[in-house]
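Here's a quick tour of the empty spaces in this fold, plus a few backbone and surface oddities worth a look. Keep the viewer open while you read.

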Amino acid sequence: MRLARTEPTDQEPDIRARPPLVREFLLVAGLFLAYKLGRQAANGHVEEAFRNAGSVWDLERALHLPGEGAVQGLLLHSQPLIHAANTYYAAVHFPATALFLVWLYWRRPAHYVRSRRVLAALTAAALGLHLLFPLAPPRMLPAAGLVDTGQVYGPTVYGQTPATDTMANQFAAMPSLHVGWAVMVAVGLIAATRSRWRWLWLLHPAITLFVVVGTANHYWLDAIVVVALLAVALAAFRLPLSARTVPARLPGGSVPASPPGPLPAGATAVRFVAQATPEGTPEPTPALTQSGVGR
């Protein structure tokens with residue numbers, strides 16, 4: 001008989017595992033602000049970013065990875081598809097991750113705490129790489145021969161002059177947090193839900209990967225590196241056992257009881273004694289046992 005399952009139940013969330021709302025809001029907002037300021041601090045380094053881009057491009061060819069242009073070629077067949085891809089890149093990344101955290105906070109608090117820690121660790125590691133390894137995206141690399149679909153077809157979140165862009169660091173392609181956050185959203189929702197359709201959440205990172213490569217904002221290696229970093233973060237922050245293992249319901253809706261502990265002095269326990277029925281089937285009947293001191 002299976003006494004435990006690793007899938008969460010649909011019962012009401014355990015509010016004891018839910019952190020204070022104001023504290024969490026300030027914490028997440030502070031982490032986001034620190035990340036944005038860190039990206040701005042990592043801006044510049046134009047020559048190094050283009051030198052690294054050439055190295056990444058050559059490494060991908062040496063590894064026989066498919067060219068980014070093959071994916072972009074699929075988009076260039078349809079202007080509405082290009083526009084939709086640019087919109088997905090610009091408008092889905094942050095809102096999807098924010099909604100993911102909000103839902104976990106209210107419905108799966110234990111999963112929320114773990115996901116927030118994983119996302120914070122992943123983002124910190126990505127910021128470190130942005131500082132140590134500035135990288136121009138493939139849309140800027142002449143050797144790639146790719147189209148900057150955001151600038152040509154719109155919409156775009158980047159300025160036309162990357163070196164002086166005050167809104168974003170365009171030389172922070174390695175690793176791709178678009179892909180990393182999308183994979184975490186899918187993994188988190190699959191772990192926190194039990195619907196048979198939950199595996200469809202994998203479409204989000206799959207579409208994100210297609211978009212970031214097809215719009216020439218990231219290399220394949222940007223996605224490979226961020227998935228490796230995410231795997232390390234997931235291994236470092238394991239889900240609490242209480243959230244992973246839930247007592248299974250027996251037929252009829254009952255839950256297996258845990259073995260009883262020692263009785264206090266003077267307490268009366270009820271134990272069941274098997275007696276034979278006329279049909280020969282043992283039938284449990286209650287018998288009282290008095291527990292006392294010195295017996």
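Let's start with the second largest cavity, bearing in mind that this is a predicted model. Its lining is made of Tyr88, Tyr89, Val92, His93, Thr97, His178, Trp181, Ala182, His204, Thr208 and Val211. Four helices, α4, α5, α8 and α9, each give two or more residues to that lining.

**The second largest cavity, continued**
- Its volume comes to about 70 Å³.
- Sorted by class, the lining has six nonpolar and five polar residues, with no charged ones.
- One of the lining residues, Trp181, also turns up in an aromatic pair with Phe94.

**Aromatic pairs**
- Searching the whole structure turns up five aromatic pairs.
- One of them is Phe94 with Trp181, an edge-to-face arrangement with 5.5 Å from centre to centre and 80° between the planes.
- Why does this pair tie together parts that are 87 residues apart in sequence? Because Phe94 sits in helix α5 while Trp181 sits in helix α8.

**The largest cavity**
- How many cavities of 30 Å³ or more are there? The count is two, and the largest holds about 100 Å³ of space.
- Its lining has 15 residues, and Gly150, Pro155, Thr156, Tyr158 and Asn217 are the closest to the centre.
- Helices α4 (79-91) and α7 (149-153) each supply at least two of the lining residues.
- The class breakdown here is five nonpolar, eight polar and two charged residues.

**The largest pocket**
- Moving on to the open spaces, the largest pocket takes in about 670 Å³.
- It's lined by 24 residues, and those nearest its centre are Val28, Ala29, Leu31, Phe32 and Leu101.
- Helices α1 (21-41), α5 (93-107) and α6 (109-132) are the elements that give two or more residues to this lining.
- Which helix gives the most to the lining of the largest pocket? That's α1, with nine residues.
- By class, you'll find 20 nonpolar residues in the pocket lining, along with two polar and two charged.
- Helix α5 is worth keeping in view, since it contributes two or more residues to this pocket and also two or more to the second largest cavity.

**Backbone oddities**
- The peptide bond running from Gly154 to Pro155 is cis, with omega near -10°.
- Pro155 is in the loop between α7 and α8, and this proline is among the residues closest to the centre of the largest cavity.
- There's a cis peptide bond from Met174 to Pro175 too, where omega is near -5°.
- Pro175 is likewise found in the loop between α7 and α8.
- Which residue has a positive phi although it is not a glycine? Look at His64, where phi is about 60°.
- You'll find His64 in the loop between α2 (46-62) and α3 (68-75).

**A nonpolar patch on the surface**
- Trp197, Leu200, Leu203 and Ile207 together make a nonpolar surface patch of about 450 Å².
- Where does Leu200 lie? It's in the loop between α8 (177-192) and α9 (203-214).
- Those two helices, α8 and α9, also showed up above, as each gives two or more residues to the lining of the second largest cavity.

Definitions and conventions: Residues are numbered from 1 along each chain as its sequence is written. This is a predicted model: local features need pLDDT of at least 70, side-chain atom pairs count only at pLDDT 80 or more; totals for chains, interfaces and linings use all residues. Side-chain values use heavy atoms; hydrogens and water are left out. Patches are made of residues with over 30% relative accessible area and no salt bridge: like charges are joined within 9 Å, nonpolar side chains (Val, Leu, Ile, Met, Phe, Trp, Tyr) within 5 Å. Accessible areas come from the Shrake-Rupley method with a 1.4 Å probe; for residues, only the protein chains shown count as cover. A salt bridge is a side-chain nitrogen of Lys or Arg within 4 Å of a carboxyl oxygen of Asp or Glu. On a 1 Å grid over the protein atoms alone, a cavity is a set of points where a 1.4 Å probe fits but cannot get out, and a pocket is an open set with protein on both sides within 12 Å along at least five of seven lines; lining residues have an atom within 4 Å of a point. Grid points are joined across faces, edges and corners, and a volume is the space filled by probe spheres set on the points. Ala, Val, Leu, Ile, Met, Phe, Trp, Tyr, Cys and Pro count as nonpolar, Asp, Glu, Lys and Arg as charged, and the others, Gly among them, as polar. Rings of Phe, Tyr and Trp (its six-membered ring) pair if their centres lie within 6.5 Å; planes under 30 degrees apart count as stacked, over 60 as edge-to-face and the rest as tilted.
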